[in-house]
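Q: Could you take a close look at one spot in this protein for me? I'd like to know what surrounds it, and then how it sits in the wider picture.

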Amino acid sequence: VPTTVLAQQHYVTFSQRLRAYPVTIEVLSRFRSNREQQVIIDGLSRGTVDICIGTHRLIQEDIKFKELGMVVIDEEQRFGVAHKERLKQMRHEIDVLTLTATPIPRTLHLSLAGIRDMSIIETPPEDRLPIKTYVSEFSDELIREAIRREIDRQGQVYFLHNRVHNIDYIAGYIQRLVPEATVGVAHGQMPEKQLERSMVDFAEGKFDVLACTTIIESGLDITNVNTLIVNRADTFGLSQLYQLRGRVGRGARRAYSYLLIPPSKSLTDTAEKRLRTMLEATELGAGFQIAMKDLEIRGAGNVLGAEQSGHIHAVGFDLYTRLLGEAVEEVRARTTTNEGLALTPIPKKQADKAKATLSGTEKIMPSVDL
């Protein structure tokens, strides 16, 4: 998982659900001391730890698994290609399951082209309601009204301000606007114990408003928080905005999301497109449409390299997809052995023809012998 807070949340959930089974579960993140981390790493190499939940710490060089069978990557859009390749290097025969509401363009394209299997969960949980989304210029009155309305129904609020250097000032500003509210702060540069305490207190309802950075973006599940206010929403990416909006409305109550922007004349065209897409994609399970729009805006990236966006206009999307589809079908047709995938080289005549078709597009497949 991408963040310490989410790792802790998963650890609690796994521990509760698998309590009845003889399974050893550990969590590897900066909430654990160096000595505790070393004990867990030894357990992984000896095979005494069955399930390990961790942040990027899990893919560092000193981690060795006795027999790794499956990797689950949560919030896949937060990991780079290099991270995913490192996981594959740990063991060749490994099952990889990636979970995300908004796949990055490259991953989405791999799925659409048939290189990776994809399944979509379209049915929302029971009683889940779509989130009402508003885009507005920054306004004291709007912020005061939104916070008071949420507190009146015994709910809590995320106020997202993605600048650590003045987040304490913002917390004080909210306190002055709504004196009856209790305001907490959470960001990634806080000491481990303080951050953990802050998140636990907020989850237990000790704060009405949490002034925070995008540390809350990845998968946090607190059902009592049903209002989200995002300051400077024009500076966020499309999938990031969608992920942030998904932090509210996780219970049976109606949730509200306010995207605050500077005066509209200072918005860039791309920022305006992103905000417009957010307003249009309000139904539940809109992550797939959001990801498709992202693919359209940014390009599909490089299937065999590390680039996650761009390069799609070099040959045109239709031709690129057709060539890729043909190559995938060719490989599938040759999987005749029982051992798994048997890659038979394409005859030289076909290879020359394919190279001629892709002439001038070295950027897309720089080192592949077609």
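A: Let's start with T214 and its company: setting aside neighbours within four places in sequence, T214 is in contact with L160, N162, F236, Q240 and L244. Keep in mind that this is a predicted model. One of those partners, L244, sits 30 residues away along the chain, and its C-alpha atom is 7.7 Å from that of T214. As for where to find T214 on the chain, look in the loop between β8 (209–212) and β9 (225–230). Being in a loop doesn't put T214 out in the open here: its relative accessibility is 14%, and since anything under 20% counts as buried, T214 falls in that class.

A second loop residue worth a look is E76, found between β3 (70–74) and α3 (81–90). E76 is buried, with a relative accessible area of 0%. Its list of partners, not counting residues up to four places away in sequence, runs to K84, T98, L99, T100, P103, I104 and T107. Take T98 from that list: E76 and T98 are 22 residues apart in sequence, yet 5.9 Å apart in space, C-alpha to C-alpha.

Now for two loop residues that are exposed. D127 lies in the loop between α4 (105–112) and β5 (132–137), and its relative accessible area of 52% makes it exposed. Q154 sits in the loop between α5 and β6 (156–160) and is exposed too, at 61%. The backbone is what makes this pair worth checking. Most residues other than glycine have a negative phi. D127, though, has a positive phi, near 70 degrees, and Q154 has a positive phi of about 60 degrees although it is not a glycine.

Since α5 has come up, here is how that helix packs. Two packed helices are described by the angle between their axes and the distance between the axes. For α5 (residues 140–152) and α6 (residues 167–177), the angle is about 75 degrees and the axes are 10 Å apart. That makes α5 roughly perpendicular to α6. On the α5 side, the residues involved are D140, I143, R144, I147 and R148, and they meet Y173, I174 and L177 of α6. Sort the residues of this contact by type and you get 5 nonpolar, no polar and 3 charged.

If you're at the bench, you may also wonder about the cysteines. A disulfide is a covalent bond between the sulfur atoms of two cysteines. With a cut-off of 2.5 Å between the sulfur atoms, the count for this protein comes to 0 disulfides. C52 is buried, with a relative accessible area of 18%, and C212 is buried as well, at 0%. C52 belongs to strand β2 (residues 51–54). Leaving out neighbours within four places in sequence, C52 is in contact with E26, L28, I40, L44 and L58. Of these, E26 is 26 residues away along the chain, with 4.9 Å between its C-alpha atom and that of C52.

Stepping back to the whole protein, there are 12 helices and 10 strands. Of the 370 residues, 44% are buried, T214, E76, C52 and C212 being among the buried ones. Contacts across the sequence, like the one between T214 and L244, fit into a wider count: among contacts in the protein with a separation of 6 or more, 71% are between residues 24 or more positions apart. As for the outside, the accessible surface comes to about 20,100 Å², and carbon and sulfur atoms account for 51% of that area.

Notes
Residues are numbered from 1 along each chain as its sequence is written. This is a predicted model: local features need pLDDT of at least 70, side-chain atom pairs count only at pLDDT 80 or more; totals for chains, interfaces and linings use all residues. Side-chain values use heavy atoms; hydrogens and water are left out. Axes are lines fitted to C-alpha atoms, for helices over the stretch in contact, and angles run from 0 to 180 degrees between N-to-C directions. Helices (H or I, at least four residues) and strands (E, at least two) are DSSP runs, numbered from the N terminus. Angles under 35 degrees count as roughly parallel, over 145 as roughly antiparallel, 65 to 115 as roughly perpendicular and the rest as oblique. Contact means heavy atoms within 4.5 Å. Ala, Val, Leu, Ile, Met, Phe, Trp, Tyr, Cys and Pro count as nonpolar, Asp, Glu, Lys and Arg as charged, and the others, Gly among them, as polar. Buried means under 20% relative accessible area, exposed over 50%, partly exposed in between (1.4 Å probe, protein chains only). Accessible areas come from the Shrake-Rupley method with a 1.4 Å probe; for residues, only the protein chains shown count as cover.
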